[in-house]
Amino acid sequence: MQRQWIGRSEGAEVVFTIGDEPLPVFTTRPDTLYGATFLALAPEHPLVARITMPDRADEVATYAATARRMSDIDRAAADRAKTGVFTGATATHPLTGAAVPVWVADYVLPGYGSGAVMGVPAHDGRDLAFARRYGLPVVAVVAQDSYPVPDAGGEWRVASGERPTNHQQPLTSDTAYEGEGVLINSGPYNGLTSAAATEQMTADLAARGLGRAHVAYRFRDWLISRQRYWGAPIPIIHCPACGAVPVPEEQLPVLLPEEVAFAPGEDGRSPLARVADWVNVSCPQCGGPAQRETDTMDGFACSSWYFLRFASPHEAERPFDPAAVRAWLPVDTYVGGAEHAVMHLLYARFWTKVMHDAGLIDFDEPFAQLRNQGMLLSPQDGQKMSKSRGNVVTPDEVVAAHGVDALRTYVLFLGPFDARALWDDRGIVGVDRFLERVWRLAQEFAGLPDGPYNDAFERARHRVIKRVTADMERFRFNTAVAALMEYVNALYAAREQPVAAGQWREAIRTLALLLAPIAPFIAEEMWREALGEAESIHGAAWPVWDEALAAEEQTTIVVQVNGKLRDRLTADAGSDPTTLRQMALASERVRAAVGERPVRDVIVARRVVNVVTA
Ligand SMILES: [Zn+2]
């Protein structure tokens, strides 16, 4: 999304001329230069006023005024009709010398390229729509081998004397061919591929001083000032004599005044403008009467670097302590909605890069990884919950009925973190029951009869630590909850036979620790009350597992061929029948016993696999 927003495009700047006036235009497709049948300028382009013919001035001015009232996004919208007005002027084509009409069109934005584009209707859908609307010529200059090119006599003008190309099907008049291919109708460049022609034409233009290779971006200025109270003050003092003077460093930060009427004034200025004793100061340079800047900064100015401040929130002398920032940042994982991608996250990356270039921080990307959370859908209509639709499940009501731990656990259990999930009232009942079972176990384990050390019991504990840890790291909270549910089931089953008391204590301790990030209140209660720990569980270390103990138990599988013992294999105790079947068929001894006979069936019965042949 950011790449698209930034809009980097490689191409060339091609210089047309209007009289003595050079008019550079940016194009990503220099190879289509011979197909340029008009030029379009942004209404804001500085040349517009100078080149417009007197008899067209009113029309052009009216058109430009209308365009200025629209947002860039509206102007560039793909589904909008492409409109424009003719300036009456023509420009000279840099290679053919042809006169090309110059139009003003609001779909051309002043910030992109030079605010001027060449219209190549045959090879650009937007230009074609414009040409159709205003009856401008369409000249095809790129043909793809398998692609039909316009035939003479159709609507498409094909210059005579060019070498023939394949003309099997006529192009429909509302389709532009935007791909690359081989040049036609392009004078000395005919027969070159698009890539070769781009290189050759760019070089030829450069040699004549009429063009150069160029990279364009869709970047625009970021206007950070706002006319409202809440925002970081802009540390500038306006002096009638000295102009805009920065507030001296020792007077920073500029704090907002506290006695303010927040309501906007009639003059459209910030509420700060009315706080006379804050606004009126003396100029730091000449000491004369001056005024503070009363606009404040956009919220993005703060959200672009607040995370640096988090590393040393009590730092009083500087915005942040560089040593603390070096130790803690960049941010490992950023969790946020996709809607931030081309707003907050783009600004934050930009700001971070500027600070890096200025030598203030030693990293140039603020966030190592981004995770977008999924959306909870309403049980009523399967739609996004919204107040206006009245389909919202209110957390407070769920908390009142089931408790906050059940709500949290259920939200994590609902589905993959980044997926949409449907809220289901029955689902939370199941989670509720799970937490009750955890709670009961924590109350009862101390009273269970002591027994011998149980190896399987210990292995299950190591396995659940390993699973939950791996799931947490991968943001698979739903499967982490599922692993804990399985573990609790295993613990309930283990109550039937005595297990060493120390093992039970470790099991409940582990359960509480793994549950702590998911159901923090119940986990804390288990930790302090049932386990008698003195400090909070939320400061305790995450449990560790022993790789050998966490490994699946191994078991011996007997393999028969037509009922006769042929091999013994070692497999994971939890292996599924498909795995065992594959292992049996892969055994050398089994293959020798089977020989050329076709295998008719493979029967898996617990630890015995029987291969049946014809
Ligand atoms: Zn001054």
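## A C-terminal pair of strands

Strand 22 and strand 23 (residues 608-613) are antiparallel partners, joined by six bridges. Within this pairing, Val 602 faces Val 611 of strand 23. The model is predicted.

## The four-stranded sheet

Strands 22 and 23 belong to an open sheet of four strands. The order is 21-20-23-22, and the pairing is mixed. Strand 21 (564-572) and strand 22 (599-605) are the edge strands. Each has a single partner, so one side of each lacks a neighbour in the sheet. From one strand to the next, the twist averages 20°.

Strand 20 and strand 21 are also antiparallel, with eight bridges between them. Val 558 has its bridge partner, Arg 568, in strand 21. The two strands, 20 and 21, make a hairpin with two residues between them. Asn 562 sits in that turn and has a positive phi of about 50°.

Strands in a sheet pair through backbone hydrogen bonds, in either a parallel or an antiparallel sense.

## The helix across the sheet

Which helix lies across strands 20, 21, 22 and 23? Helix 20 does, spanning residues 577-586. Its direction is at about 130° to strand 22. Strand 20 itself covers residues 554-561.

## Nonpolar cores

The largest nonpolar core contains 53 residues. Leu 39 and Leu 41 have the most contacts inside this core. Strand 5 (residues 99-105) supplies the largest share, five residues.

What does Leu 41 touch, once neighbours within four places in sequence are left aside? Its contacts are Leu 47, Val 48, Val 102, Val 104, Val 108, Gly 115 and Ala 116. Another core, of 42 residues, lies apart from the 53-residue one. Its members include Phe 413, Ala 483, Val 499 and Ala 519. In soluble globular proteins, nonpolar side chains tend to be buried together.

## Overall dimensions and packing

In total, the protein has 21 helices and 23 strands. Its radius of gyration is 36 Å, whereas a compact globule of 614 residues would have one near 25 Å. Along the principal axes, the C-alpha atoms fill a box of roughly 105 × 90 × 50 Å.

Of the 614 residues, 28% are buried. Among contacts with a separation of 6 or more, 61% join residues 24 or more positions apart.

Methods. Residues are numbered from 1 along each chain as its sequence is written. This is a predicted model: local features need pLDDT of at least 70, side-chain atom pairs count only at pLDDT 80 or more; totals for chains, interfaces and linings use all residues. Two strands pair if DSSP finds at least two bridges between them. Axes are lines fitted to C-alpha atoms, for helices over the stretch in contact, and angles run from 0 to 180 degrees between N-to-C directions. Two residues are in contact if their C-beta atoms, placed from the backbone, lie within 7 Å. The radius of gyration is taken over C-alpha atoms; the globule rule is 2.2 Å times the number of residues to the power 0.38. A residue is buried if 20 or more other C-beta atoms lie within 10 Å of its own, exposed if 12 or fewer, and partly exposed in between; C-beta atoms are placed from the backbone. A nonpolar core is a set of buried Ala, Val, Leu, Ile, Met, Phe, Trp, Tyr and Cys residues joined through C-beta atoms within 7 Å.
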